[in-house]
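Grab a pencil and work through these exercises with the structure open beside you. Each task comes with a solution that goes step by step.

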Amino acid sequence: MKTIVASEIVGTYADGSKKILPRHEVEVLCTECLDPVSAMEEATGVCTSCGKPWTASQSVAVHVTSTPLSGTVRI
C-alpha cells in the first residue's frame, strides 16, 4: 500500500517564513521479498508473492525542491 501526502504549509516561524511539510510517499513492503503490500495482503496477512506472512517494512520518499531566495524555509 502506498500513501502519498501532498505538500502543505503547516504554519509560520517567528521571522514570518513558512513551515512547509514536503510532499512524501510511504509504501508498505513485505519484509521477506520487498514486494509492495496490497489491501488484500494486508487483510489476510500473507504475501501473495512469496507466500509468507508479511511483517511491515516501509519505503519512504521525500520530494524537496528549492524555494525562491525571498526568504528562508526551514523544515
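**Exercise 1.** Does R23 count as buried, partly exposed or exposed, and at what relative accessibility?

*Solution.* Start with the ground rules. This is a predicted model, where local features need pLDDT of at least 70 and side-chain atom pairs count only at pLDDT 80 or more, while totals for chains, interfaces and linings use all residues. Residues are numbered from 1 along each chain as its sequence is written, and side-chain values use heavy atoms, with hydrogens and water left out.

Next, the cut-offs: buried means under 20% relative accessible area, exposed means over 50%, and partly exposed is in between (1.4 Å probe, protein chains only). R23 has a relative accessibility of 32%, so it counts as partly exposed.

**Exercise 2.** Lay out the elements of the protein in chain order.

*Solution.* Helices (H or I, at least four residues) and strands (E, at least two) are DSSP runs, numbered from the N terminus. With that in hand, you get 1 helix and 5 strands. Read from the N terminus, the order is β-β-β-β-α-β. As for burial, 15% of the 75 residues are buried.

**Exercise 3.** Work out how β4 pairs with β1 and with β5.

*Solution.* Two strands pair if DSSP finds at least two bridges between them.

- Step 1: take strand β1 (residues 2-5) and strand β4 (residues 23-30); they run antiparallel and are joined by 4 bridges. For a concrete contact, I4 has E25 as its bridge partner in β4.
- Step 2: now go to strand β5 (residues 56-63), which pairs with β4 over 8 bridges, also in the antiparallel sense. Here R23 has H63 as its bridge partner in β5, and E27 has S59.

**Exercise 4.** Find the salt bridges and say which residues are linked in a network.

*Solution.* The criterion is a side-chain nitrogen of Lys or Arg within 4 Å of a carboxyl oxygen of Asp or Glu. Searching the whole structure turns up 3 salt bridges.

- Step 1: K2 and E25 form one of them, with their closest N and O atoms 3.5 Å apart. That pair links distant parts of the chain, since K2 sits in strand β1 and E25 in strand β4, 23 residues apart. K2 has 49% relative accessibility, so it counts as partly exposed, whereas E25, at 15%, counts as buried.
- Step 2: E25 also forms a salt bridge with R23, and there the closest N and O atoms are 3.4 Å apart. Put the two together and K2, R23 and E25 are linked in a network.
- Step 3: K52 forms a salt bridge with E32, the closest N and O atoms being 3.7 Å apart. This pair too links distant parts of the chain: K52 is in the loop between α1 (39-44) and β5, E32 is in the loop between β4 and α1, and they are 20 residues apart. Both ends count as partly exposed, K52 at 42% relative accessibility and E32 at 49%.

**Exercise 5.** Why does β5 lie largely in the open, and which nonpolar residues form a surface patch?

*Solution.* Count the buried residues of β5: the number is 0 of 8, so the strand lies largely in the open. V62 has its place in strand β5 and is exposed, with a relative accessible area of 51%.

For the patch, use residues with over 30% relative accessible area and no salt bridge, joining like charges within 9 Å and nonpolar side chains (Val, Leu, Ile, Met, Phe, Trp, Tyr) within 5 Å. Accessible areas come from the Shrake-Rupley method with a 1.4 Å probe, and for residues, only the protein chains shown count as cover. V60, V62 and V64 form a nonpolar patch that way, with about 280 Å² of accessible area together.

Carry on into the segment after β5 and you find T65, which is exposed at a relative accessible area of 68%. The C-alpha atoms of T65 and P22 are separated by 8.8 Å, though the two are 43 residues apart along the chain.

**Exercise 6.** Which residue has a positive phi although it is not a glycine?

*Solution.* Look at L34, whose phi is about 60 degrees. L34 is in the loop between β4 and α1, and it is exposed, with a relative accessible area of 56%.
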